[in-house]
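Here is a friendly tour of the pockets, a surface patch and some backbone details in this structure. Have the viewer open as you read.

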Amino acid sequence: MPVHFCAEVSSNHGSDLERCLAFVDAAAEAGCDSVKFQLFRVKELFAPEILARSEKHRAREQWELPLKLLDPIAAHCVVRGVQFACTPFYLDAVAELLPYVAFYKIASYELLWDDLLAACAATGKPVVLSTGMATLAEIVHAVQVLRGAGASSIRLLHTVSAYPTPPAEANLASIDIIRRATGCPVGWSDHTVSPGVLHRAIHRWGAGFVEFHIDLDETGAEYASGHCWLPGQISEVIKAVREGEAADGSGLKTAAPSELADRDWRAERLDGLRPLRAIRAGWTP
């Protein structure tokens, strides 16, 4: 199966519709299968004790995605042929997103919140869950909650919730460990911005779903942290992966169309000379 590439807009949209639509365009043009946004309300994301003491956390209200943008973003995704996905960070967001999303993505920080897991699962839509910071026991429990609530399709993403993640800490071998422990397909959510890490996750560890953070122009709110890809960077990786997928072929060993003309120029079995005797007499330069 082809690898599913998901572009995570995160908080780089600036609450601006035209910029949101430009992210959809960039994802489609880079060869992505889906584009993902986040739906949160700061007052429902952080405890009041934190907000009372931290201007930094209160300021994240500027990163919120207005509900009125969901419909035009989802419609533009249809036009551009990419799936629209979103991460709900409060319970009402699950219902607010239901008419629009192809799948729900649950963030690593919400992995312990059984009620949110169950609410997403109960919609019957596919659920993608990131597993950063989690122990294997916590991941297994989350999968049990999703299954118990009726999830139709569960995909897990191994990730490291450091922004950015040093490639040496990616621990890609966990992909196989999580897969064996849960029976779920497991992909990779990237914070390394390393082509080598993405290729290794796909080709060595079988990550069939790759999520990555994207920015358009180095001006997004999260770009300075160092974990966001630019469209030109990720498009080269996706192009290389797609070329590799196309190279698999049928497995039937026979001459390829591009080498048919050379078949007659093989060494003749009777004298070891090229080309075959059948074309020597009639051959002209």
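**Backbone, pockets and surface**

Asn171 counts as partly exposed, with a relative accessibility of 45%. Please keep in mind that this is a predicted model. Asn171 sits in the loop between strand 6 and helix 9, and Tyr163 is found in that loop between strand 6 (154-158) and helix 9 (174-182) too.

**Unusual backbone geometry**

- Most residues other than glycine have a negative phi, and most peptide bonds are trans.
- Asn171 is not a glycine, yet its phi is positive, at about 50 degrees.
- Ser10 is not a glycine either, and has a positive phi of about 55 degrees.
- You will find Ser10 in the loop between strand 1 (4-8) and helix 1 (17-30).
- Ser10 counts as buried because its relative accessibility is 2%, under the 20% cut-off.
- The peptide bond from Tyr163 to Pro164 is cis, with omega near 5 degrees, and Pro164 lies in the loop between strand 6 and helix 9.
- Arg274 and Pro275 are also joined by a cis peptide bond, with omega about -10 degrees.
- Pro275 belongs to the loop between helix 11 (231-246) and helix 12 (277-280).

**The largest pocket**

- The volume of the largest pocket is about 660 Å³.
- Its lining has 31 residues, and the closest to the pocket centre are Gln38, Arg60, Tyr109, Tyr163 and Glu222.
- Strand 2 (34-39) and strand 8 (209-214) each contribute at least two residues to this lining.
- By class, the lining of the largest pocket holds 10 nonpolar, 14 polar and seven charged residues.

**The second largest pocket**

- The second largest pocket encloses about 230 Å³ of space.
- Which residues are the closest to its centre? Of the 15 that line the second largest pocket, they are His4, Val128, Ser153, Arg155 and Phe209.
- Strand 5 (127-130) and strand 6 are the elements that give two or more residues to the lining of this second largest pocket.
- That lining divides into 10 nonpolar, four polar and one charged residues.

**A nonpolar surface patch**

- Tyr109, Met133 and Tyr163 make a nonpolar surface patch of about 350 Å².
- Is Tyr163 buried or exposed? Tyr163 is partly exposed because its relative accessible area is 36%, which lies between the 20% and 50% cut-offs.
- Tyr163 thus links several topics: the patch, the residues closest to the centre of the largest pocket, and a cis peptide bond to Pro164.

How values were computed
Residues numbered from 1 in each chain as written. Predicted model: local features only at pLDDT ≥ 70, side-chain atom pairs only at ≥ 80, totals over all residues. Heavy atoms only, no water. Patch = residues over 30% accessible without salt bridge, like charges linked within 9 Å, V, L, I, M, F, W, Y side chains within 5 Å. Areas by Shrake-Rupley, 256 points an atom, 1.4 Å probe, with all protein chains shown as cover. Salt bridge = Lys/Arg side-chain N within 4 Å of Asp/Glu carboxyl O. Helix = DSSP H or I, 4+ residues; strand = E, 2+ residues; numbered from the N terminus. Buried < 20%, exposed > 50% of the residue type's maximum accessible area, 1.4 Å probe, protein only. 1 Å grid on protein atoms, 1.4 Å probe; cavity = no way out; pocket = protein on both sides within 12 Å on 5 of 7 lines; lining within 4 Å. Points joined across faces, edges and corners; volume = space filled by probe spheres on them. Nonpolar A, V, L, I, M, F, W, Y, C, P; charged D, E, K, R; others polar.
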